[in-house]
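Student: I would like a close look at one part of this model. Please pick a single residue to start from and work outwards.

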Amino acid sequence: MKTVRYAYALTGALLLGGTAASLTLQRPAIAQQAQNEPGAITATAPRAGAPMSFADMVARLQPAVVNISTDQKVTLQQPTNPFAGTPFGDLFGQFGGGGRGGAPVTREAQSLGSGFIISPDGYIVTNNHVVAAGMRGAVVTSIRVTLPDRKEYVAKLIGRDTASDLALLKINAPGPLPFVRWGDSAHARVGDWVIAIGNPFGLGGTVTAGIISAVHRVTGQGANDRFIQTDASINQGNSGGPMFDMNGNVIGINSQIFSQSGGNIGIGFAIPAEEARPIIDTLMKGGTVKRGYLGVGIQPVTDDIAAALGLPKNSGEIIGRVEPNGPAAKAGLRAGDVVTKVNGTAVTPDNTLSYLIASVTPGSTARLDIIRDGKPTSANVTVATRPPEDQLAATSGSGDDFSADDDDDQSGQQQQAPSNAIGLTVQPLTAAIARQIGVDSTVQGVVISQVDPSSDAGQKLRRGDVVSAINGTPVRTAADLARGVQAAKAAGRPQVLLMVVRGRNPGAFIAVKIK
């Protein structure tokens, strides 16, 4: 499933990490009191009106927060020596020297992040990107964990879940080790105080405090797109570190920042404990995390789309693409369907379709409430297993905008669309035009030959875009487009919803205002 991202990238709090083999270990029976055992730190809870010092709480919690670093080998392709084979060839070592110019070279690299111990026998939680290879051609050779007392241990990667950006490590250190317990993030509220402990920029144990700015924050990250937002300072190197509530319990794992510069601007995100704990428990048992999969491309129902379809705002998501032979296709879902509920739970900006479907057990049946052609209906879908994230990214389209050249000579007779109440002039899409503008031969519709720059369409569409449907009705001629506009006007709707194909990208729904 694909969702629209923010204009600024959500910068991972650490850019380098690693890979390793999965290993299942038997946990020894070790009894020890958790550092954040109930009653141990109640005296440090803030009083009404202002927080007291966090010093006593931090003194108990900080021993369980660790520094995580990786050693990596990166293979780089050197540029070809332009002087190879000449008397000067051996003078330019940066090109590989002599006639061997362009030969790959291996460099060493490191990454830094944070983590926290969750058991006295040395299990450690962190972000996957902390221990993953940081760039193409990189291989992680070792993962090292440094405790607050500066003792260092080589860690084993027990398991990882790329989709949630979580990883579980294990160190063999003389125990018992200080550890912390999970808290209940489900009851976290906006305005609650939180503390973040980590190792920003490799500085060692650093403590910051702030409040919860938002819960259930959606950032466009896919199936596990639900975060706690905080204004506590989180920077590069804080990745994988814990977010504590005022009872000293872990309610989040610091993982991302929103930034225009790469530095902290007071907008950080943590994976909620209620999401992370079941995944970590699965990895600790040697299992693999499986999520539900529908096989559709989706778009949120924006205000414009809601107005075009006559739907309530912030309700449901619209299906833009149905994967052939996928679970949705087999259940009869089609592009233009608006999914409003999954097993009775409403699809909202906080409860996205991706998130709700990912929570469904693969192989089970999910009931979807749908609005199709303005009428409510339902469908029962046998949910499949979500493919790996890299596979989904490879099949979701390039995402690049198509820009038509105004000087291109498009064959075929142009038609002035009677529907230019939306500012478009269109002509039938022929095989020759399809090849010229780079759309797949299976695409059907009309191609835009002119756009009125003063119209709403002029801000959203361009010459060479293909309109394949209007308000769910196929468009094959200019007259079809005109009829769709007139039908929307007759229904009192201020906008129409167009299915638009641009180049090789998947089709997308775009709402256009009627002039």
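Tutor: Start with N199. This is a predicted model. In it, N199 counts as buried, because its relative accessibility is 5% and the cut-off for buried is under 20%. N199 sits in a loop, with β9 (193–198) on one side and β10 (206–217) on the other.

Now look at what surrounds N199. Set aside the neighbours within four places in sequence. The contacts of N199 are then V66, N67, G113, S114, G204, G205, Q236, G237 and N238. Find each of them in the structure, beginning with V66 and N67. Then move on to G113 and S114. G204 and G205 come next, followed by Q236, G237 and N238.

Two other loop residues can be set beside this one. R150 lies in the loop between β5 (138–146) and β6 (152–154). R150 counts as exposed, because its relative accessibility is 75% and exposed means over 50%. Its backbone deserves a check too: R150 is not a glycine, yet its phi is positive, at about 75°.

N325 is the second. Its loop runs between β17 and α4 (327–330). With a relative accessible area of 65%, N325 is exposed. N325 also has a positive phi, about 65°, although it is not a glycine.

For another buried residue, go to E275. E275 belongs to helix α2, residues 273–284. E275 is buried but has no salt bridge. The nearest side chain of opposite charge is R226, 4.3 Å away. E275 has no salt bridge with R226 because the cut-off is 4 Å. What E275 does have is a polar contact, side chain to side chain, with Y355 at 2.5 Å. Leaving out neighbours within four places in sequence, the contacts of E275 are R226 and Y355.

Finish with an open space. The second largest pocket holds about 1,100 Å³. Its lining comprises 43 residues, and those closest to the centre are A335, S468, A469, M499 and F509. Several elements each supply at least two lining residues, including β17 (317–322), β20 (365–372) and β25 (466–470). β26 (473–474), α8 (478–490) and β27 (495–501) are also among them. Of these, α8 gives the most to the lining, with five residues.

To recap, N199 is buried in its loop, whereas R150 is exposed and so is N325.

Technical notes
Residues numbered from 1 in each chain as written. Predicted model: local features only at pLDDT ≥ 70, side-chain atom pairs only at ≥ 80, totals over all residues. Heavy atoms only, no water. Helix = DSSP H or I, 4+ residues; strand = E, 2+ residues; numbered from the N terminus. Buried < 20%, exposed > 50% of the residue type's maximum accessible area, 1.4 Å probe, protein only. Lys, Arg positive; Asp, Glu negative; His and termini not counted. Polar contact = N/O pair within 3.5 Å; in protein donor to acceptor, adjacent residues only side chain to side chain. Contact = heavy atoms within 4.5 Å. 1 Å grid on protein atoms, 1.4 Å probe; cavity = no way out; pocket = protein on both sides within 12 Å on 5 of 7 lines; lining within 4 Å. Points joined across faces, edges and corners; volume = space filled by probe spheres on them.
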